[in-house]
Amino acid sequence: MTSTTASARNLLTDNPELYEARFPDPDRLAGRWAEDCLRRHGAGVRVLDMGCGTGRDAAHLHRAGRRVTGADLSETMLAHARAHHPGPRYLRADLHGFDLGQGVFDAVVCLDSTLLYCHTNDQLDGFLSSCRRALAPGGLLVAEMRNGAHFLGRTHLLDTPAANEFAWRGTVHRSTTTLTVDRTAQLLRRTRVWTADDGSEPVEQRSAWRLLFPQELRHLLAAHGLEVLELHDGPGPRTEPPWHEGLLPGRAADADRLHLVARVTAPAS
Ligand SMILES: C[S@@+](CC[C@H](N)C(=O)[O-])C[C@H]1O[C@@H](n2cnc3c(N)ncnc32)[C@H](O)[C@@H]1O
């Protein structure tokens with residue numbers, strides 16, 4: 001029998017060590033890419049990592065000399081981050097609307113599709129107006145996420161189960177993932193069934209990302225007083241081939257990942 005968990009629960013974000021095992025980043029590529037964006041655009045040292053997850057990117061930015069706050073909705077993630085990736089200050093906040101003070105950060109980073117947990121227009125507005133309040137004049141928003149435009153016309157990516165497996169602490173975990181498009185809500189819905197060779201019951205989990213399109217994102221950012229400096233599909237930390245130091249941003253926005261750097265031009269009043 002497959003047990004279905006409530007949509008608020010997530011096997012990976014409830015198990016930070018499993019999350020890092022499933023999505024390893026031993027070379028801290030995501031953190032290095034974010035630091036490169038901050039450096040190229042001359043950001044100050046105060047950084048908020050919104051949706052910091054296990055804290056590995058926040059800790060990388062801390063080691064690079066930034067004064068970092070990591071924020072997440074998951075207490076489990078925050079506890080893991082405090083224990084395993086010390087340095088940053090970690091606190092609980094909701095990206096749909098947060099108030100950590102006005103003009104107190106030089107940059108907000110939001111990595112690995114966390115921004116796409118803003119499903120509705122109100123949640124996107126809440127996130128961007130919170131960023132605008134949090135950022136000092138000239139502050140940056142650096143984000144990295146799946147690209148909604150990539151799914152336009154590429155129907156082979158949808159409705160077909162894709163299998164993956166990885167070993168963690170002697171147990172083989174297998175997942176079967178099916179993506180579907182909810183056109184009405186403009187969401188990419190994911191159903192993932194987990195099995196493990198330790199005899200545990202299969203678990204079915206459902207989650208969703210906002211299908212956010214590059215031109216829509218430009219419009220939203222402009223409406224919130226943010227000017228786009230970079231918006232492209234790579235190279236980035238999760239592209240193939242991946243980004244490395246010295247590579248400059250591209251111009252297209254067609255492939256699976258979208259990379260954003262935007263600057264506050266009109267701070268919140
Ligand atoms: C895909 S993980 C990315 C984690 C981290 N940024 C990384 O790149 O490894 C998404 C993270 O967003 C967090 N999250 C989901 N919804 C959130 C919300 N409404 N507010 C804050 N964090 C949220 C999850 O708990 C999870 O840690």
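**A walk through the predicted model**

Leaving aside neighbours within four places in sequence, Val-108 is in contact with Leu-48, Met-50, Cys-131, Ala-134, Leu-135 and Leu-141. Val-108 is a good place to enter this predicted model. Val-108 is listed among the residues with the most contacts inside the largest nonpolar core. The others listed are Ala-34, Ala-107, Leu-141, Val-142 and Leu-260. This core has 57 residues. Strand E6, residues 135–146, supplies the largest share of the core, six residues. In soluble globular proteins, nonpolar side chains tend to be buried together.

Now step back to the whole chain. The secondary structure comes to six helices and 12 strands. The C-alpha trace spans about 55 × 45 × 35 Å along its principal axes. A compact globule of 269 residues would have a radius of gyration near 18 Å, and the chain agrees with its 18 Å. Of the 269 residues, 39% count as buried. Consider contacts between residues at least 6 apart in sequence: 62% of them join residues at least 24 apart.

The chain divides into two parts. Domain 1 takes 16–148 + 212–264, and domain 2 takes 151–209. Their C-alpha centres lie 24 Å apart. Eight residues from domain 1 and six residues from domain 2 make the contact. On the domain 1 side, helix H1 (residues 16–22) gives the largest share, three residues. By class, that side has three nonpolar, three polar and two charged residues.

Next comes the ligand. It is surrounded by 18 residues. The closest are Gly-51, Gly-53, Leu-73, Ser-74 and Asp-112. By class, the shell has seven nonpolar, seven polar and four charged residues.

Asp-112 deserves a second look. It sits in the loop between strand E5 (105–110) and helix H5 (121–134). Its phi is near 55°, a positive value in a residue other than glycine. Ser-113 is in the loop between E5 and H5 as well. Ser-113 also has a positive phi, about 70°, although it is not a glycine. Most residues other than glycine have a negative phi, and most peptide bonds are trans. Are these two loop residues buried or exposed? Asp-112 is partly exposed, because 19 other C-beta atoms lie within 10 Å. Ser-113 counts as buried, because it has 20 C-beta neighbours inside 10 Å. The cut-off for buried is 20 or more.

The peptide bonds have exceptions of their own. A cis peptide bond joins Gly-234 and Pro-235, with omega about 5°. Another cis peptide bond joins Glu-240 and Pro-241, with omega about 0°. Pro-235 lies in the loop between strand E11 (226–232) and strand E12 (257–264). Pro-241 is found in the loop between E11 and E12 too.

Finish with Arg-192. This residue lies in strand E9, residues 187–196. Arg-192 counts as buried, because it has 20 C-beta neighbours inside 10 Å. Which residues does Arg-192 contact, leaving aside its neighbours within four places in sequence? They are Ser-175, Thr-177 and Gln-205. Arg-192 and Val-203 are 11 residues apart along the chain, and their C-alpha atoms are separated by 8.2 Å.

How values were computed. Residues numbered from 1 in each chain as written. Predicted model: local features only at pLDDT ≥ 70, side-chain atom pairs only at ≥ 80, totals over all residues. Near = placed C-beta within 6 Å. Nonpolar A, V, L, I, M, F, W, Y, C, P; charged D, E, K, R; others polar. Domains from an automatic or database assignment. Contact = placed C-beta atoms within 7 Å. Helix = DSSP H or I, 4+ residues; strand = E, 2+ residues; numbered from the N terminus. Core = buried A, V, L, I, M, F, W, Y, C linked by C-beta atoms within 7 Å. Buried ≥ 20, exposed ≤ 12 C-beta atoms within 10 Å, placed from the backbone. Rg over C-alpha atoms; globule rule 2.2 N^0.38 Å.
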